[in-house]
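User: I am new to reading protein models, and I would like to go through one slowly. Could you take my questions in turn and show the reasoning behind each answer?

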Amino acid sequence: IQEELEIRIGQRISNGLTEIQLNEFDMITDQAEATKWLEKNRPDFRGIVNRTIEEMKQEIRANRDKLIK
């Protein structure tokens, strides 16, 4: 679930970024630096993260019977 969540968030955050910005972000290794970069280049990233988490929670709840089998 964690891996899928990271993929979905990454895809949504990367939408609208230029190739240069994506390359810049890929070079960041420090979490604090990555957060600072996102705050500057994708100021809505926290909302994207929160919405994606909520959507995934709803998806899991809706399919919990299938997942528990």
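The questions below go from the overall fold to the core, the charged pairs and the surface.

User: Which elements, helices or strands, make up the protein chain, and in what order do they run?

Analyst: Please keep in mind that this is a predicted model. The protein chain has zero strands and five helices. Read from the N terminus on, the order of its elements is therefore α-α-α-α-α.

User: What radius of gyration does the protein chain have, set beside a compact globule of 69 residues?

Analyst: Along its principal axes, the C-alpha trace spans about 45 × 20 × 20 Å. For a compact globule of 69 residues one would expect a radius of gyration near 11 Å, whereas the value for the protein chain is 14 Å.

User: Which elements give two or more residues to the largest nonpolar core?

Analyst: In soluble globular proteins, nonpolar side chains tend to be buried together. Here the largest nonpolar core has 11 residues, among them L5, I9, W37, F45 and M56. The elements that supply two or more residues to this core are α1 (2-14), α3 (31-41) and α4.

User: Which residues does F45 touch, leaving out those up to four places away in sequence?

Analyst: F45 is one of the residues of the largest nonpolar core, and so are I13 and L38. With residues up to four places away in sequence not counted, F45 touches I13, L38, T35 and E39.

User: Is R42, the salt-bridge partner of D44, buried or exposed?

Analyst: Side chains of opposite charge can pair when their charged atoms come close. In the pair of D44 and R42, the closest N and O atoms are 2.8 Å apart. D44 has a relative accessible area of 35%, so D44 counts as partly exposed. R42 has 15% relative accessibility, which is under the 20% cut-off, and therefore R42 counts as buried.

User: How many residues apart are K57 and E54, whose side chains meet in a salt bridge?

Analyst: The side chains of K57 and E54 meet with an N to O distance of 3.3 Å. Both residues belong to helix α4, where about one turn of the helix separates them, and they are three residues apart.

User: Which residues make the nonpolar surface patch of about 450 Å²?

Analyst: A residue needs over 30% relative accessible area to be part of a patch. I60, which is found in helix α4 (residues 45-62), has 32% relative accessibility and so counts as partly exposed. The patch of about 450 Å² is made by I60 together with I1, L67 and I68.

Terms used: Residues numbered from 1 in each chain as written. Predicted model: local features only at pLDDT ≥ 70, side-chain atom pairs only at ≥ 80, totals over all residues. Heavy atoms only, no water. Patch = residues over 30% accessible without salt bridge, like charges linked within 9 Å, V, L, I, M, F, W, Y side chains within 5 Å. Areas by Shrake-Rupley, 256 points an atom, 1.4 Å probe, with all protein chains shown as cover. Salt bridge = Lys/Arg side-chain N within 4 Å of Asp/Glu carboxyl O. Helix = DSSP H or I, 4+ residues; strand = E, 2+ residues; numbered from the N terminus. Buried < 20%, exposed > 50% of the residue type's maximum accessible area, 1.4 Å probe, protein only. Core = buried A, V, L, I, M, F, W, Y, C linked by side-chain atoms within 4.5 Å. Contact = heavy atoms within 4.5 Å. Rg over C-alpha atoms; globule rule 2.2 N^0.38 Å.
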